[in-house]
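Trainee: I've never looked at this structure before. Could you pick one spot in it, take me through that spot closely, and then show me how it fits with the rest?

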Amino acid sequence: MNQSPEQLTSVDNRHADDGLYIANISRRDFLKDLALAGFVLAAGFPALVMADETASPADPQKYGADGMPHGWVDNPLVFVAIAADGAVTIVCHRSEMGQGVRTSLPMVVADEMEADWARVQVQQAPGDEVRYGNQDTDGSRSMRHFFLPMRRVGAAARQMLETAAAARWRVAVEEVRAEQHHVVHPASGRTLSYGELAKAAAKLPVPARDSLRLKKTADFRYIGKGRQGVYDGEAIVSGRAQYGIDTRLKDMLYAVVARPPVFGGKLASYDAGEALKVPGVLKVVELPSSPPPAAFNPLGGVAVIARNTWAAIQGRRALKIEWDNGPHAGYDSSAYKLELEKAARAPGKVVRNQGDVDTALQTAAKRVEAEYYLPHLAQSPMEPPAATARIVKGHCEVWACTQAPQLSRDSVAKWLKLPEDKVTVHVTLLGGGFGRKSKPDYVVEAALLSQAMNGKPVKLTWTREDDLRHSYFHTVSVERLEAGLDAQGQPQAWLHRTVAPSISSTFGPDSKHQMPVELGMGVINIPFAIPHLRIENPEAEAHTRIGWFRSVSNIPHAFAVQSFVAELAAAAGRDPKDYLLELIGPPRRIDPRSLGDSWNHGESPELYPVDTGRLRRVTETAAREAGWGRELSKGRGLGIAAHYSFVTYIAVVVEVVIDEAGKLSVPRIDIAVDCGPQVNPERIRSQLEGACIMGLSLATLGEISFKAGAVEQDNFHAYLLTRMDDAPREIRVHLLPAADFDTPLGGVGEPGVPPIAPALCNAIFAATGQRIRQLPIRDQLRKD
């Protein structure tokens, strides 16, 4: 930040009195209803059980939840409360954005503690990682990192209740057992409810972690069954669910911001006169700019604060602003694509090298080359970013649809120069996130505007146009691949140059290479059995904010690699499924470090090796279930792709129909997943179904382009998404069972997206012989 909040300038609308105030329902009263006051088990036990207690000081490398900020917490007194009437409240500390985490994590606790799900309530935790453990809801980590801690939370609560009952009856604790919201003593037939035991149980010490008795798999009531509906389902479909944009506070004001149209631009001058004449507009406030690298800072600009959002938008339209567009004013997508292609055709930084690729390419019986392009993409959640802030007596409260409540808390505290404990971030439901809402810039904007209004509550709304023009976009990419085939058509050499602006450019001005995290998303860690292989990463300069997007760099990498495999199969005259399986090779467990992958999705290489047997299994399953090899009519084709991401294995077969006019339709997708144990199979299915739709949408329609530094798309008429009539007629999800619930879990939220585009394009090639190497497909198939 280059300007303190105190330096904000503003213009008051002293004559605004239009009577357009919109009465609102008090959200504070709504939240009061959710307070824990009156619950018994949680009272009087603020002590925490923090992460990393078992970590060895001699081993600085931490994996999984241990490696995340603030790690994990498994204290039942933090996560569980039982009221005197027996109602159980379970805290969900991760953000719900449609993936079902407010159902699945509490369900794990309820199962282990033998709580009746019908008597369970879920309360959303505010941002407080010291208390709850890591809350950054991305990376497909929620269940992977918190399945075991939540099991321990439930088991500890159950054992405390059993101990309290045994003491009441003066019997050995081994003689009692918890059973569906009661503790029973079979020998005497006596029973006590959880509500009757909660007060006594709360006075007991939390059992030591090594004394906990976790349930056997056969005894699970909810885990692995998929019988629980979405916890918020009824509220969502009835319109009662509260998203960030629904926040209402008494005497609340409303704001929108005019931001620099070009990344890195700043305000040159502005005239608020006409804006202040708009009925309902109260004040115009200048926000400080944030020169690149922007990190998570607001972009700056001019905010219009009004009595309602409509007036604020009209006031923004009336502003007269001159911008200094800065160093990226010449950013043009078409020209930049040529730059990326030029970079991809020259040697770059070598990030993995085995054998002698150059010699193997020169001596190959056949050489195949291809380049693949994927444009910028926008997360475009259905609910744009929104946040409400209020400052009272030096304490800032925020309500926001955020994936990162703790980071939001830290950022607001920094900008307002408040101690962290003077900032509270309440997490609402998210109407989608896909990585955009991991960045707290919009939360900071709301806090600054409340400060500018002397602490009055201000709701900041990003319109759809704001979101599409000013997001943290998914990177643009050119992927160039070359292969040398032997006389039998088998690849002996593989060269992959991946060129894309890195997410690190958002944090450092000179970042021109992809980070190990990005290279570990399907490039450096491909497990193919090829003797000579080199991966290069030429430089690419960023001209906009680059950010996380569902599946991140796996999308361009999987598109290129899996398309190229099918191209090699065609060059060799082979079936693409058989060719892919031969490249994967025999089942083996590969240490990712031996592939040059030091990241491994943040997980232990011992617990999470690259397992080609699992990749083979999903490939074979998807092919079998899709009827691979069946006879197809003219214009119809099947395409296959497999990808490993977020320590989960997924394969997809897409069936397409291309009519004589070149219109594309997708009658069916078969998607097979091996994510280890399936805690909530229905939520896994729903996420994979959503991934199919999103992947199809990105492949056929998605593109953010720039002209003169500014985004050209401004709403869903220009940034197109797959509509219902273009959705697959059938999506068949095939879940591969795990051996047991002791097997490490994989991620689910993101891995379904990457293989969709290559499977789709491979199917198009099978149907038409036309190879798609540039996304989105749009009208590339049209015949007229």
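**A close look at one glutamine, and beyond**

Mentor: Let's begin with the whole chain: buried residues make up 62% of its 784 residues, where buried means under 20% relative accessible area, exposed means over 50%, and partly exposed is anything in between (1.4 Å probe, protein chains only). Keep in mind that this is a predicted model, in which local features need pLDDT of at least 70, side-chain atom pairs count only at pLDDT 80 or more, and totals for chains, interfaces and linings use all residues. Residues are numbered from 1 along each chain as its sequence is written, and side-chain values use heavy atoms, with hydrogens and water left out.

Now for the spot I'd pick, Gln 562. You'll find Gln 562 in helix 16, residues 554–572. Helices here are DSSP runs (H or I, at least four residues), as are strands (E, at least two), and both are numbered from the N terminus. Is Gln 562 buried or exposed? Gln 562 is buried, because its relative accessible area is 5%.

So who sits around it? Set aside the neighbours within four places in sequence, and Gln 562 is in contact with Phe 528, Leu 580, Ala 641, Ala 642, Pro 758 and Asn 762; contact means heavy atoms within 4.5 Å. Take Leu 580 from that list: 18 residues separate Gln 562 and Leu 580 along the chain, and their C-alpha atoms are 8.5 Å apart. Ala 642 deserves a look too, since the Gln 562 side chain reaches the backbone oxygen of Ala 642 at 3.0 Å. That pair is a polar contact, meaning N or O atoms within 3.5 Å; within protein, one must be able to donate a hydrogen and the other to accept it, and residues adjacent in sequence count only if both atoms are side-chain atoms.

Links across the sequence show up in the chain as a whole as well. Of the contacts with a separation of 6 or more, 78% are between residues 24 or more positions apart.

With that picture in mind, try Asp 332. Asp 332 lies in the loop between strand 12 (320–324) and helix 10 (333–344). At 18% relative accessible area, Asp 332 is buried as well. The side chain of Asp 332 has a partner in the backbone nitrogen of Ala 335, at 3.0 Å. The Asp 332 side chain also makes a polar contact with the side chain of Lys 707, at 3.1 Å. Beyond its neighbours within four places in sequence, Asp 332 is in contact with Phe 706 and Lys 707.

For an exposed case, look at Ala 268, in strand 9 (residues 266–271). Ala 268 counts as exposed because its relative accessible area is 52%. Even so, Ala 268 has contacts outside its neighbours within four places in sequence: Glu 322, Trp 323 and Asp 324. Ile 321 is 53 residues away from Ala 268 in sequence, and 7.6 Å away C-alpha to C-alpha.

Ala 364 falls in the middle category: its relative accessible area is 23%, so it is partly exposed. Ala 364 belongs to the loop between helix 11 (357–362) and strand 14. Outside its neighbours within four places in sequence, Ala 364 touches Gly 484 and Leu 485. There are 123 residues along the chain between the positions of Ala 364 and Ala 487, yet their C-alpha atoms are separated by 8.1 Å.

A few backbone details are worth finding in the loops. Pro 292 and Pro 293 are joined by a cis peptide bond, with omega near 0 degrees, and Pro 293 is in the loop between strand 10 (281–287) and strand 11 (301–306). Ser 380 is a residue other than glycine with a positive phi, near 40 degrees. Ser 380 sits in the loop between strand 14 (366–374) and strand 15 (386–392).

Finally, zoom back out. The chain holds 20 helices and 29 strands. The radius of gyration of the chain is 28 Å, close to the 28 Å that the globule rule gives for 784 residues, so the chain is as compact as a globular protein of that length. That radius is taken over C-alpha atoms, and the rule is 2.2 Å times the number of residues to the power 0.38. Along the principal axes, the C-alpha atoms fill a box of roughly 80 × 80 × 55 Å.
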